[in-house]
Amino acid sequence: MGWFSRRRPAADGTPTKLDREATPDDLAALEAFVRSRRGVEFYLEPETTATDTTVMAIAHDGEWIRRRTGSPRVAAKIAQRHAVPLYEAARTGYPERMRAWNRAHPERRLR
């Protein structure tokens with residue numbers, strides 16, 4: 001009957017928009033953010049039914065980006081390569097400096 005399987009794969013096997021996995025561009029964006037800012041920390045966000053595993057990279061001033069990584073292992077490798085601390089967002093929450101940055105940059109919410 002399929003009561004609990006609302007989202008079905010496409011007949012041709014192509015993934016739906018919600019099933020997008022991490023791409024090399026996602027990983028490159030995280031690495032570029034780390035190289036171009038100081039005091040960056042990674043906050044790991046677990047996979048959900050809507051998105052793959054993501055990392056929120058937050059700089060010293062609160063500026064941030066969120067990108068898919070595909071798995072916690074990939075996020076850990078990037079963090080280790082760049083000597084960036086990696087926290088589990090579900091355990092630690094996000095730093096106040098990120099919320100302050102969001103308040104100071106309301107134009108960012110319009111995207």
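Which residue of strand 3 is the bridge partner of Ile-58? In this predicted model, the bridge partner of Ile-58 is Trp-64. The pair belongs to the contact between strand 2 and strand 3, two antiparallel strands joined by five bridges. Further along, Met-56 stands opposite Arg-66 of strand 3. The hairpin formed by strand 2 and strand 3 has five residues between the strands, and Gly-62 takes a positive phi near 100° there.

The secondary structure of the protein chain comprises four helices and four strands. Read from the N terminus, the elements follow the order α-β-β-β-α-β-α-α. Of the 111 residues of the chain, 32% count as buried. The accessible surface comes to about 7700 Å², and carbon and sulfur atoms account for 54% of that area. Among contacts between residues at least 6 apart in sequence, 54% join residues at least 24 apart.

The strands form an open sheet of four strands in the order 3-2-1-4, with mixed pairing. Strand 3 and strand 4 (86–88) stand at the edges and have a single partner strand each, so one side of each is left without a neighbour in the sheet. On average, and with direction ignored, neighbouring strands of this sheet are turned by 25° against each other. Helix 1 packs on the sheet and touches strand 1, strand 2 and strand 3. The direction of helix 1 makes about 155° with that of strand 3.

Helix 4 (residues 96–104) has a buried side and a side turned away from it. Met-98, Trp-101 and Asn-102 are the buried residues in question. Viewed down the axis of helix 4, the buried residues fall within an arc of 100°, so they line one face of the helix. The cover over these buried residues includes strand 2 and strand 3. On the face turned away from the buried side, helix 4 carries the exposed residues Arg-103 and Ala-104.

A search of the whole structure for salt bridges finds eight. One of them links Glu-31 to Arg-35, with the closest N and O atoms 3.9 Å apart. Both residues lie in helix 1 (residues 24–36), where a separation of four residues corresponds to about one turn of the helix. The two partners differ in accessibility: Glu-31 counts as buried because its relative accessibility is 15%, whereas Arg-35 counts as exposed because its relative accessibility is 57%.

Another salt bridge joins Arg-37 and Glu-63, whose closest N and O atoms are 3.1 Å apart. Arg-37 is located in the loop between helix 1 and strand 1 (41–45), and Glu-63 in the loop between strand 2 (54–58) and strand 3 (64–68), so the pair ties together parts that are 26 residues apart in sequence. With a relative accessibility of 29%, Arg-37 counts as partly exposed.

Arg-97 and Glu-41 also form a salt bridge, and their closest N and O atoms are 2.7 Å apart. Since Arg-97 lies in helix 4 and Glu-41 in strand 1, this pair ties together parts that are 56 residues apart in sequence. Arg-97 is partly exposed, with a relative accessible area of 25%, while Glu-41 is buried, with a relative accessible area of 17%. In addition, salt bridges that share partners join Glu-31, Arg-35 and Arg-81 into one network.

Thr-53 was examined as a further position. Thr-53 lies in the loop between strand 1 and strand 2. This residue counts as buried, because its relative accessibility is 3%. When residues up to four places away in sequence are not counted, Thr-53 touches Leu-44, Glu-45, Pro-46 and Glu-47 as well as Arg-67, Arg-68, Thr-69, Gly-70, Ser-71 and Pro-72. Of these, Pro-72 is 19 residues from Thr-53 in sequence, and the C-alpha atoms of Thr-53 and Pro-72 are 6.8 Å apart in space.

Methods:
Residues numbered from 1 in each chain as written. Predicted model: local features only at pLDDT ≥ 70, side-chain atom pairs only at ≥ 80, totals over all residues. Heavy atoms only, no water. Salt bridge = Lys/Arg side-chain N within 4 Å of Asp/Glu carboxyl O. Buried < 20%, exposed > 50% of the residue type's maximum accessible area, 1.4 Å probe, protein only. Contact = heavy atoms within 4.5 Å. Areas by Shrake-Rupley, 256 points an atom, 1.4 Å probe, with all protein chains shown as cover. Pairing = 2+ DSSP bridges. Axes fitted to C-alpha atoms, helices over the stretch in contact; angles between N-to-C directions. Arc of directions from axis to C-beta.
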